[in-house]
Amino acid sequence: MRHASMPRILIFHASLGSGHIHAANALGEAFSRYADVEVQIEDALAYASPILRETLIRAYEQLSEKAPQLYRLIYEGSDVSDLKDSMSNTLLLSKIERPFFRKFEQLIKQAAPDVFICVQQIPSRLVQLFKQEFDWPQPHYVVITDAVAHSTWINYEVDGYFLASDLTASILTKQGVDPELLHVTGIPVKLEIAEAKPARQMRERHDLPLDTPVIALFGGGLQPRRVRLMVAGLLESPFAGTLAVVAGRNHALGTALADLEDGPAMRLRSLGQIDFVDDLIAASDLVITKAGGLIASEVMARGTPMVIVDPIPGQEEWNADAIAAYGAGIQLRLPEMVAPTVQFLLSAPEHLAFMRSQARKYGRPTAALAVVESILARLSV
């Protein structure tokens, strides 16, 4: 039973990619540490009309995976530099979308939250519309899950933005966003990442070698043909080690790698969908991955260097640029360049150590707690 003084927190994500969902769940986990807070996490698209929901999900998947250049054109073309024009455009878009989100509006009225938190643009722009129309007093916070914020993240009726880094804040300030609204906390990652996990212990737990390098390749969102090129090159490496390839739900990737065997020095370990991603990151000397805001934040929070491959045009490319600027990762375009890059890093321990120190410097394993503590402190004022 809800106590009268117990604040109700309503967290919204949208199921376009998994990153927003993970960020919302990380915040929910952090709030759960406070017994006197009630938290509700919802997917805004679950309350959209079926036609719009299916259209948005299908368009995102098709464009990002099969027409990346068109996706870049749309993403970068819709990033408006003039702040007032951008915010006006976003408000207009929310008015267009509103008829398709009647159930979403009903959900909010029934939930009657004390605080809105949005980790994706769609629910955020709708909340701003409702706040204006109904003069709702509840604070509205936005947690930006990319290293560089697209203009559609910035809306009217927002009481604070929680950001990945000082770089994010600097860019938004130059675009005209009030610095008083900007709070650098990091992107929320699961609290498990804040727990110490010695590499040796993780390797023993998952039967990985203790005395040779471990390279993790997260290939779930990558094209199987390109991953095969990377893996084949790495298996020819003269360095002894283990290459752990995580296919996730990408069943085609498992098929594409099925005939590959251990190289002369590098062993191959093919994994499907696993429940020990963080353990593997902690055990690894190097992670090869795309540059989704959440996976990149999780890897940096563990202090593990990255080789970034095949980022989705738009937000992932911008994330990759930021990670490269931090010195925590290297961004590559050609799959054939992965093997020589890994060989170089393994042969240059001082360079790998520098990347590790930069990842630790910019990684924020307690970001979710920082966001929650900041919001609750403001709520109690």
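Visitor: Does A291 count as buried or exposed?

Guide: This is a predicted model: local features need pLDDT of at least 70, side-chain atom pairs count only at pLDDT 80 or more, and totals for chains, interfaces and linings use all residues. Residues are numbered from 1 along each chain as its sequence is written, while side-chain values use heavy atoms and leave out hydrogens and water. Buried means under 20% relative accessible area, exposed over 50%, and partly exposed in between (1.4 Å probe, protein chains only). The relative accessibility of A291 is 0%, so A291 counts as buried.

Visitor: Which residues does A291 contact, leaving aside neighbours within four places in sequence?

Guide: A291 sits in the loop between β10 (286-289) and α12 (293-301); helices (H or I, at least four residues) and strands (E, at least two) are DSSP runs, numbered from the N terminus. Contact means heavy atoms within 4.5 Å. Beyond neighbours within four places, the partners of A291 are I308, P311, E316, N319 and A320.

Visitor: What separates the C-alpha atoms of A291 and I312?

Guide: Along the chain, A291 and I312 are 21 residues apart. In space, their C-alpha atoms are separated by 7.9 Å.

Visitor: How many of the 12 residues of α13 are buried?

Guide: Helix α13 covers residues 315-326. Its buried residues include E316, N319 and A320, and A291 contacts these three. W318 and Y326 are also among the buried residues. The helix is mostly covered, with a buried count of 9.

Visitor: What distance does α13 reach from its first C-alpha to its last?

Guide: The expected span of a helix is 1.5 Å times one less than its number of residues. For the 12 residues of α13, that gives 16 Å. The model is close to this, at 17 Å.

Visitor: Which residue follows α13?

Guide: α13 runs over residues 315-326. The residue after the helix has a positive phi, near 85°. That residue is G327.

Visitor: Where does D310 lie?

Guide: D310 has a positive phi, near 45°, in a residue other than glycine. Not counting residues up to four places away, D310 touches E316, K290 and R333, among others. A320 is 10 residues from D310 in sequence and 9.7 Å away, C-alpha to C-alpha. D310 lies in the loop between β11 (306-309) and α13.

Visitor: What phi does A112 have?

Guide: A112 is in the loop between α5 (102-111) and β3 (115-118). At 42% relative accessibility, A112 counts as partly exposed. Its phi is positive, in a residue other than glycine, and is near 45°.

Visitor: Which residues does R72 contact, leaving aside neighbours within four places in sequence?

Guide: R72 belongs to helix α3 (residues 68-77). Its relative accessibility is 19%, so R72 counts as buried. One of its partners, E317, is a buried residue of α13. With neighbours within four places set aside, R72 contacts G77, P313 and E317.

Visitor: What is the radius of gyration of the protein?

Guide: The protein comes to 16 helices and 12 strands. The radius of gyration is taken over C-alpha atoms, and the globule rule is 2.2 Å times the number of residues to the power 0.38. For 381 residues the rule gives 21 Å, and the protein is close to that, so it is as compact as a globular protein of that length, with a radius of gyration of 21 Å.

Visitor: What share of the 381 residues counts as buried?

Guide: The C-alpha trace spans about 70 × 45 × 40 Å along its principal axes. Of contacts between residues at least 6 apart in sequence, 70% join residues at least 24 apart. The buried share of the 381 residues is 55%.
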